[in-house]
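Got the viewer open? Here is a short tour, one selection at a time.

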Amino acid sequence: MQSSQFYDALKGHGVPCRLVVLPFEGHRYAARESVMHVIWETDRWLQKYCASNSSSTLIKFSGER
């Protein structure tokens with residue numbers, strides 16, 4: 001509930017943000033896939049908003065093509 005309220009507040013102030021709710025997960029992520037997804041989401045955000053040039057290499061995880 002706090003996550004969605006925080007998201008709504010950020011969106012309301014025009015902050016580029018994204019709320020991702022993973023199924024079958026509580027406050028702390030337990031499944032490997034969920035942890036990897038959080039890392040991917042974080043990397044995606046950092047590449048979009050913090051990378052100094054667009055030719056930066058993205059992190060590739062095993063199994064990703």
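Let's begin with one side chain: is Trp45 buried, partly exposed or exposed? Select Trp45 and show its surface. Its relative accessibility is 44%, and since partly exposed covers the range between 20% and 50%, Trp45 counts as partly exposed. Keep in mind throughout that you are looking at a predicted model.

**Stop 1: the whole chain**

Zoom out and switch to a cartoon view. You should find 2 helices and 0 strands. Helix 1 covers 2–12 and helix 2 covers 32–49. The chain has 65 residues, and 9% of them count as buried. Now turn on the surface: the accessible area is about 5,900 Å², with 57% of that belonging to carbon and sulfur atoms. As for contacts with a separation of 6 or more, 17% of them join residues 24 or more positions apart.

**Stop 2: back to Trp45, with a partner**

Select Trp45 again and add Tyr49. How many aromatic pairs does the chain count? The count is 1 aromatic pair, and you have it on screen: the ring centres of Trp45 and Tyr49 are 5.3 Å apart. Their planes meet at 40 degrees, so this pair is tilted. Look along the helix as well. Trp45 and Tyr49 are 4 residues apart in helix 2, which means that about one helical turn separates them. Tyr49, like Trp45, falls in the middle range for accessibility: it is partly exposed, with a relative accessible area of 38%.

**Stop 3: the largest pocket**

Keep Trp45 selected and add Arg18, Leu19, Val20 and Glu41. These five lie nearest the centre of the largest pocket, which is lined by 20 residues. Its volume is about 650 Å³. Which elements give two or more residues to this lining? They are helix 1 and helix 2, and helix 2 gives the most, with 8 residues. Colour the lining by class and you get 12 nonpolar, 4 polar and 4 charged residues.

Now centre on Glu41, which sits in helix 2. Glu41 has 13% relative accessibility, so it counts as buried. Which residues does Glu41 touch, leaving aside those up to four places away in sequence? Show Arg18 and Val20: those are the ones Glu41 touches.

**Stop 4: the second largest pocket**

Next, select Met1, Gln2, Ser3 and Ser4, then add Leu19, Val20, Val21 and Leu22, and finish with Glu25, Gly26, His27 and Tyr29. Together they line the second largest pocket. About 330 Å³ of space lies in this pocket. By class, its lining has 6 nonpolar, 5 polar and 1 charged residues. Leu19 and Val20 may look familiar, as they were also among the residues nearest the centre of the largest pocket.

Pick out Val21 from this lining. Val21 is in the loop between helix 1 and helix 2, and at 69% relative accessibility it counts as exposed. Draw a distance from Val21 to Ser4, C-alpha to C-alpha: the two are 9.5 Å apart in space and 17 residues apart in sequence.

**Stop 5: Phe24**

Last, select Phe24, also found in the loop between helix 1 and helix 2. What is the phi of Phe24 near? Phi of Phe24 is near 65 degrees, a positive value in a residue other than glycine. Most residues other than glycine have a negative phi. Turn the surface back on for a final look: Phe24 is exposed, with a relative accessible area of 86%.

Methods: Residues are numbered from 1 along each chain as its sequence is written. This is a predicted model: local features need pLDDT of at least 70, side-chain atom pairs count only at pLDDT 80 or more; totals for chains, interfaces and linings use all residues. Side-chain values use heavy atoms; hydrogens and water are left out. On a 1 Å grid over the protein atoms alone, a cavity is a set of points where a 1.4 Å probe fits but cannot get out, and a pocket is an open set with protein on both sides within 12 Å along at least five of seven lines; lining residues have an atom within 4 Å of a point. Grid points are joined across faces, edges and corners, and a volume is the space filled by probe spheres set on the points. Ala, Val, Leu, Ile, Met, Phe, Trp, Tyr, Cys and Pro count as nonpolar, Asp, Glu, Lys and Arg as charged, and the others, Gly among them, as polar. Rings of Phe, Tyr and Trp (its six-membered ring) pair if their centres lie within 6.5 Å; planes under 30 degrees apart count as stacked, over 60 as edge-to-face and the rest as tilted. Buried means under 20% relative accessible area, exposed over 50%, partly exposed in between (1.4 Å probe, protein chains only). Contact means heavy atoms within 4.5 Å. Accessible areas come from the Shrake-Rupley method with a 1.4 Å probe; for residues, only the protein chains shown count as cover.
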